[in-house]
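Colleague: I have not seen this one before. Can you put it up and take me through it?
Modeller: Here it is.

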Amino acid sequence: MPGTLITVAPTGAETAKDDVPKLPTTLDELVAEAKACEAAGASLVHVHIRDDEHRPTLDPQRLHDTVQALREQTDLIVQLSTGGSVHDPLESRLKVLDAEPDSCSLTCGTTNFGDDVFLNPYPFMGQLYQQAQEREVVPEFELFDLGHVAALRRLLDTYGLPYGGKVHVDFVTGVPGGMPGTVEALVAGVQALPAEVTSWSATGIGRAHLPIAAAALGMGGHLRVGMEDNLMYAKGRPVRDNAELVARAAALADLMQRPAITTAEARSLLAVRD
Ligand code: KMH
Ligand code: ZN
């Protein structure tokens with residue numbers, strides 16, 4: 001089995017800074033966290049940004065500055081979230097690619113998201129996908145549900161392969177309203193993947209974090225960890241920072257004889273542009 005791509009999702013759009021002061025919400029905090037995560041074994045950073053009041057934002061200049069800073073100060077693959085928060089309009093989410101990231105998330109369908117709805121109509125997905133192809137940005141297809149695998153099939157049939165020719169997907173399991181964070185759901189998702197998929201990772205929200213990581217490693221998948229997805233290191237023990245989640249993922253990958261891959265290997269795995 002291959003080595004392990006470790007993605008870190010350090011911030012997300014759902015947690016309030018007041019509730020979790022360690023959440024990296026300023027550019028300085030994000031860059032410092034990203035550096036520590038790279039040293040601990042991460043090779044890709046999935047980025048959501050915040051404004052001066054620590055609220056989620058898709059401000060174009062701020063996104064641009066964030067991509068530049070991460071590029072200058074780390075060797076991580078920089079993936080911008082196009083999901084944003086459930087309150088972001090589709091037009092703003094389409095503009096994320098103006099910041100010229102290496103990669104972008106592309107969620108393959110609308111999903112219930114707790115009490116909210118995370119909107120991803122098919123025409124929006126198609127527009128985003130074509131824009132990523134034109135701009136040589138590698139999409140990471142986010143699959144929150146089994147139906148999203150069918151939508152990915154439709155995207156590939158309609159628009160062909162992504163820039164670079166590789167197809168990387170990420171199972172986001174355990175979102176209230178999406179596929180459960182269980183090994184059974186993950187197995188069903190992996191079995192349904194289109195043949196064009198060249199690599200997949202998985203994350204479990206909250207308490208699903210560790211079981212999904214262990215299952216993914218056993219099945220040849222890659223890992224996504226981070227405070228976007230999980231704020232508890234163990235029962236009763238909050239996460240100190242993102243790097244400790246990455247370090248634990250790297251240790252688990254070592255135990256499974258699938259050590260973390262380098263950023264150069266990750267670039268080649270995902271066919272990210274130089
Ligand atoms: N914050 C969620 C509504 C993504 O980054 O593309 C969407 C999300 C997925 O986190
Ligand atoms: Zn995200």
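Colleague: Let me start with one residue. Which helix is the place of G147 in?
Modeller: G147 sits in helix α5. Keep in mind that this is a predicted model.

Colleague: Why does G147 count as partly exposed?
Modeller: G147 has 15 C-beta neighbours inside 10 Å, and a residue would need 20 or more to be buried and 12 or fewer to be exposed, so G147 counts as partly exposed.

Colleague: And how many Å apart in space are G147 and G3?
Modeller: They are 29 Å apart, C-alpha to C-alpha, with their places 144 residues apart in sequence.

Colleague: Back to α5. What unit does α5 make with β9 and β10?
Modeller: A right-handed β-α-β unit, in which helix α5 covers residues 146-159. From β10 the chain then crosses through helix α6, residues 183-192, to β11, and that β-α-β crossover is right-handed.

Colleague: How do β9 and β10 run, parallel or antiparallel?
Modeller: Parallel, with four bridges joining β9 (residues 138-143) to β10. One pair is F141 with its bridge partner V169 in β10.

Colleague: What about β10 and β11, how many bridges there?
Modeller: Six, again in the parallel sense, and β11 spans residues 199-204. D170 has S201 as its bridge partner in β11, and V172 has T203.

Colleague: What holds paired strands together, in general?
Modeller: Strands of a sheet pair through backbone hydrogen bonds, in either the parallel or the antiparallel sense.

Colleague: How many residues of β10 are buried?
Modeller: Six of its six, over residues 168-173, so to put it plainly the strand is mostly covered. H168, D170 and V172 point one way, while V169, F171 and T173 point the other way, and all are buried.

Colleague: And how many of β11?
Modeller: Five of its six residues are buried, and β11 too is mostly covered.

Colleague: Which strands does α6 lie across?
Modeller: α6 lies across β9, β10 and β11, and runs at about 155° to β10.

Colleague: Where does the chain go from β11?
Modeller: β11 pairs with β12 (residues 222-225) in the parallel sense over two bridges, and S201 has H222 as its bridge partner in β12. The chain gets from β11 to β12 through helix α7, residues 209-218, in a right-handed β-α-β crossover.

Colleague: Which residues of α7 are buried?
Modeller: H209, I212, A213, A215, A216 and L217.

Colleague: What do they pack against?
Modeller: The buried residues of α7 pack against β10, α6, β11, β12 and α8, which is 242-255. After α7 comes G220, with a positive phi near 90°.

Colleague: Zoom out a bit. In what order do the strands close into a barrel?
Modeller: Eight strands close it, in the order β1-β2-β5-β6-β9-β10-β11-β12, and the pairing is parallel. From one strand to the next, the twist averages 25°.

Colleague: How many bridges join β1 to β2?
Modeller: Two bridges join β1 (residues 6-8) to β2 (residues 44-47), and these strands run parallel. V8 has V45 as its bridge partner in β2.

Colleague: Change of topic: the ligand. Which residues surround ligand 1?
Modeller: G12, A13, S81, T82, G83, S85, V86, S105, T107, F113, F118 and E142.

Colleague: How does that shell split by class?
Modeller: Around ligand 1 there are four nonpolar, seven polar and one charged residues.

Colleague: One last residue, L270. Which helix is L270 found in?
Modeller: Helix α9, residues 263-270.

Colleague: Is L270 buried or exposed?
Modeller: L270 is buried, because 25 other C-beta atoms lie within 10 Å and the cut-off is 20 or more.

Colleague: Which residues is L270 in contact with, leaving aside its neighbours within four places in sequence?
Modeller: I77, S103, V138, K166 and H168. H168 is one of the buried residues of β10.

Colleague: And how far apart in space are L270 and R55?
Modeller: They are 31 Å apart, C-alpha to C-alpha, and 215 residues apart in sequence.

Terms used
Residues are numbered from 1 along each chain as its sequence is written. Chains are lettered from A and ligands numbered from 1 in the order in which they are written. This is a predicted model: local features need pLDDT of at least 70, side-chain atom pairs count only at pLDDT 80 or more; totals for chains, interfaces and linings use all residues. A residue is near a molecule or strand if its C-beta atom, placed from the backbone, lies within 6 Å of it. Ala, Val, Leu, Ile, Met, Phe, Trp, Tyr, Cys and Pro count as nonpolar, Asp, Glu, Lys and Arg as charged, and the others, Gly among them, as polar. Two strands pair if DSSP finds at least two bridges between them. A crossover is right-handed if, with the strands pointing away from the viewer, the path from the first strand over the helix to the second runs clockwise. Axes are lines fitted to C-alpha atoms, for helices over the stretch in contact, and angles run from 0 to 180 degrees between N-to-C directions. Two residues are in contact if their C-beta atoms, placed from the backbone, lie within 7 Å.
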